[in-house]
Amino acid sequence: VQMAFGDAVMPNGRIESSLIDEGVQRDFGGQPWWEISDSTLNYHQHDLSCFTPDGFHYYLPAFLLHSLRVKDDFRAWIVFSFAACSSGHARKQQRERLAPFTSTQRRAVLAFFYCMERWGEMNENEVLEAAGALGSS
């Protein structure tokens with residue numbers, strides 16, 4: 001994950017697409033993803049799916065690596081961010097969110113999901129759903 005996202009470009013402007021929590025902009029904006037604290041990631045774990053496409057792309061590795069260090073429902077929010085979208089508008093948003101990912105980054109995220117399945121944190125259907133999202137965007 002670190003190597004795949006090492007050259008990701010920090011987003012300019014808003015990183016969250018909703019105005020629900022201005023703290024996201026304060027706590028993430030202008031911060032390199034590898035310097036985001038565990039307490040900040042825990043606090044904002046439910047906000048990841050609301051990030052703009054650039055914000056999601058840039059800060060996802062922080063969430064992935066953090067989730068490998070904690071044992072709680074933190075991973076569920078990452079899985080939710082890749083869940084299949086049934087409405088046309090939601091599918092369009094998901095494609096936009098995943099568009100910036102390179103093939104190397106997609107493989108790194110998929111490897112994360114396979115690790116979660118192996119550890120019993122995800123089931124096969126969730127992994128296939130995430131793989132489909134990563135492959136179809």
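**Figure 1. Surface and overall make-up of the predicted protein chain.** About 7,300 Å² of the protein chain is exposed, and 53% of that area comes from carbon and sulfur atoms. As for what lies inside, 43% of the 137 residues count as buried. The fold has seven helices and zero strands, so the element string is easy to remember: read from the N terminus, it goes α-α-α-α-α-α-α. Take the contacts between residues at least 6 apart in sequence: 65% of them join residues at least 24 apart.

**Figure 2. The largest nonpolar core, with F82 and F113 picked out.** This core has 34 residues, and F82 and F113 are the ones that touch the most other members. Elements giving two or more residues to the core are α1 (23–28), α3, α4 (74–81), α6 and α7 (124–136). Helix α3 puts in the largest share, with eight residues.

**Figure 3. Who sits around F82.** Leaving out residues up to four places away in sequence, F82 touches F56, L60, Q94, L98, V109, F113, E129, A130, A133 and L134. Two of these partners, V109 and F113, also turn up among the buried residues of α6.

**Figure 4. F63 on helix α3.** Helix α3 covers residues 53–69, and F63 is found in it. The relative accessibility of F63 is 1%, and because buried means under 20%, F63 counts as buried. For a handy distance to check, try F63 and R75: they are twelve residues apart along the chain, and their C-alpha atoms are separated by 8.5 Å.

**Figure 5. Helix α6, end to end.** Residues 103–118 make up this helix, 16 residues in total. At 1.5 Å a residue the expected span is 22 Å, and the end C-alpha atoms are indeed 22 Å apart, so the two values agree. Just after α6 comes G120, with a positive phi of about 80°.

**Figure 6. The two faces of α6.** Which residues of α6 are buried? They are Q105, R106, A108, V109, F112, F113 and M116. These residues cover an arc of only 160° around the axis, which means that they lie on the same side of α6. The spacing makes sense: an α-helix has 3.6 residues a turn, so residues three or four places apart point the same way. Turned away from the buried side is a face carrying the exposed residues R107 and R118.

Terms used
Residues numbered from 1 in each chain as written. Predicted model: local features only at pLDDT ≥ 70, side-chain atom pairs only at ≥ 80, totals over all residues. Heavy atoms only, no water. Helix = DSSP H or I, 4+ residues; strand = E, 2+ residues; numbered from the N terminus. Expected span 1.5 Å × (residues − 1). Buried < 20%, exposed > 50% of the residue type's maximum accessible area, 1.4 Å probe, protein only. Arc of directions from axis to C-beta. Contact = heavy atoms within 4.5 Å. Areas by Shrake-Rupley, 256 points an atom, 1.4 Å probe, with all protein chains shown as cover. Core = buried A, V, L, I, M, F, W, Y, C linked by side-chain atoms within 4.5 Å.
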